[in-house]
Amino acid sequence: MEALTREMWQALNTQEKEALMRKLVHQLPDGMAYKGLETFERFGQRMVTGVFTQEGLRFVFVPGDQVTLGWDHWQHGMNEETSTDLLETVSEYGVEDVDSFLASQMSPVREVSIAPMLVECELISLGWIEVSKEEAFAQENPDFPSALEQFKQSEIREYELHQQFRLVRQSEDEVQILWFNEGIELEDVVTEEAAAGFGLLTEDEWEYIYGGGCRTLFPWGDSFDYTMRLKHFGSLEGVDENVDESTELHPSLFEKDDRPYDLELPNFFGVQFVGDPYKYELTLDSTGDVMPKGGDGGSLICGGTGPLVGFLPAAAVYYRDVNASGLDWEDLMDAMYYRRVVRLADLKV
């Protein structure tokens, strides 16, 4: 018997995949149930895989693989629109060698063995917890009552008072209330999840799940997709930069369009990512230290770099925040997310 790779999984027929997924249930955390096979397709990659649930939360089976991760040169090269945009943007900051600039922002090229695993589809907020209206009022925050009433009378989608509370419109009559979770420790999260049978993603696993082992800058290729609808910019077609640097509130908080942002949609594994450079997904590096992925705290976008460079942290597969070691995690808890995984290193066919 051999360890299950993505190629081997793809070669199985539907009945064989079903049988393998049903066998997995016996070695999974309590309450995990198998729901069936689903097909996910995006960026030219397609995957038929098993879907599991626990307490209403979805997990997908991600087969392992031997892959090359990291970035140091172009696979195909940018198209003219992306090349011109990138050169004009970074040259304003004194960058002359675009390729070297990009390589300095990415993780190093390396060969990695990824074990099969179950991966949580959506993210868990580290710094925010959902509360009822009664629980929110019990906090006796002087700003909350008026903020809630004004929010209900408005048409905006979200409102956040920094590290205090967040309001998210679910429907015309329903508002989700999130309260900032003060005093949480990363070590406690890791310990609690491990006790429940879960791990957190490593940086290698995150890059594999996000890009599927692609060798291009983005999961869809080397050129930027200007047709995407991006948070803080909306639809890019025919629109110039519109980030208001004079306010601490994200422009997206005032958008009335409730269509999903492209970078938040499920990928070919059925996994969703944060798709917002202001936010981070928590992963661990090879030494077990925290390695944030999928964002830079908004550093590039706040610098007025526009969608291409501003969204490199959220869109480029191998982006690594060069300032990660100097970040103050307590100040970033409201922007930090994580997902749970169940590693299946012993899964063989």
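Five bridges join strand β10 to strand β11, and the two run antiparallel; strands here, like helices, are DSSP runs numbered from the N terminus (E over at least two residues for strands, H or I over at least four residues for helices). The model is predicted, with local features requiring pLDDT of at least 70 and side-chain atom pairs counted only at pLDDT 80 or more, while totals for chains, interfaces and linings use all residues. Residues are numbered from 1 along each chain as its sequence is written, and side-chain values use heavy atoms, with hydrogens and water left out.

**The antiparallel sheet**

Strands β10 and β11 belong to an open sheet of four strands, ordered β8-β11-β10-β9, in which the pairing is antiparallel; two strands are said to pair if DSSP finds at least two bridges between them. Its edge strands are β8 (128-131) and β9, each of which pairs on one side only. Averaged over this sheet, and with direction ignored, neighbouring strands are turned by 20° against each other; such angles run from 0 to 180 degrees between N-to-C directions, the axes being lines fitted to C-alpha atoms, for helices over the stretch in contact.

The pairings for which bridges are counted, in this sheet and in the mixed sheet described further below, are set out here.

| Strand pair | Sense | Bridges |
|---|---|---|
| β8 and β11 | antiparallel | four bridges |
| β9 and β10 | antiparallel | four bridges |
| β10 and β11 | antiparallel | five bridges |
| β15 and β16 | antiparallel | four bridges |

Individual residues mark the register of these pairings: Val-131 stands opposite Ile-177 in β11, Phe-165 stands opposite Trp-179, likewise in β11, and Glu-160 has Arg-166 in β10 as its bridge partner. Two hairpins connect the strands in sequence. β9 and β10 form a hairpin with three residues between them, and Gln-163 in that turn has a positive phi of about 50°, whereas the hairpin that joins β10 to β11 passes through five residues. Strand β10 is mostly covered, four of its five residues being buried, where buried stands for under 20% relative accessible area, exposed for over 50%, and partly exposed for values in between (1.4 Å probe, protein chains only).

**Helix α6 on the sheet**

Helix α6 (residues 144-153) has Phe-144, Ala-147, Leu-148 and Phe-151 as its buried residues. Seen down the axis of α6, these fall within an arc of 100°, so they line one face of the helix; the arc is that of the directions from the helix axis to the C-beta atoms. On the other side of α6, Gln-150 and Gln-153 are exposed. The buried residues of the helix pack against α5 (133-138), β9 (158-161), β10 (165-169) and β11 (175-180), contact being taken as heavy atoms within 4.5 Å. The direction of α6, which touches β9, β10 and β11 of the sheet, makes about 15° with that of β10.

**Helix α2**

A similar description can be given for α2. Its buried residues, in a helix spanning residues 14-24, are Lys-17, Leu-20, Met-21 and Leu-24, and, seen down the axis of α2, they fall within an arc of 100°, so they line one face of the helix. Gln-15, Arg-22 and Lys-23 are exposed on the other side, while the buried residues pack against α1 (6-11), β1 (33-42), β2 (45-54) and β3 (57-62). At the start of α2, a side-chain oxygen of Asn-13 reaches to within 3.1 Å of the backbone nitrogen of Gln-15; this is a polar contact, defined as a pair of N or O atoms within 3.5 Å, where, within protein, one must be able to donate a hydrogen and the other to accept it, and residues adjacent in sequence count only if both atoms are side-chain atoms.

**The mixed sheet and Thr-283**

A further open sheet has four strands in the order β7-β17-β15-β16, with mixed pairing, and its edge strands are β7 (124-125) and β16 (290-293), each pairing on one side only. Between β15 and β16, Leu-282 has Pro-292 in β16 as its bridge partner. Thr-283 lies in β15 (residues 280-284) and is buried, with a relative accessible area of 0%. The side chain of Thr-283 reaches the backbone oxygen of Met-291 at 2.6 Å. Not counting residues up to four places away in sequence, Thr-283 touches residues including Leu-201, Trp-206, Asp-289 and Lys-293.

**Cysteines**

A search of the whole structure finds zero disulfides, a disulfide being a pair of cysteine sulfur atoms within 2.5 Å. The sulfur of Cys-121 is 20 Å from the closest cysteine sulfur, in Cys-214, which is too far for a bond. Cys-121 counts as buried at 3% relative accessibility, whereas Cys-302 is partly exposed, with a relative accessible area of 38%.
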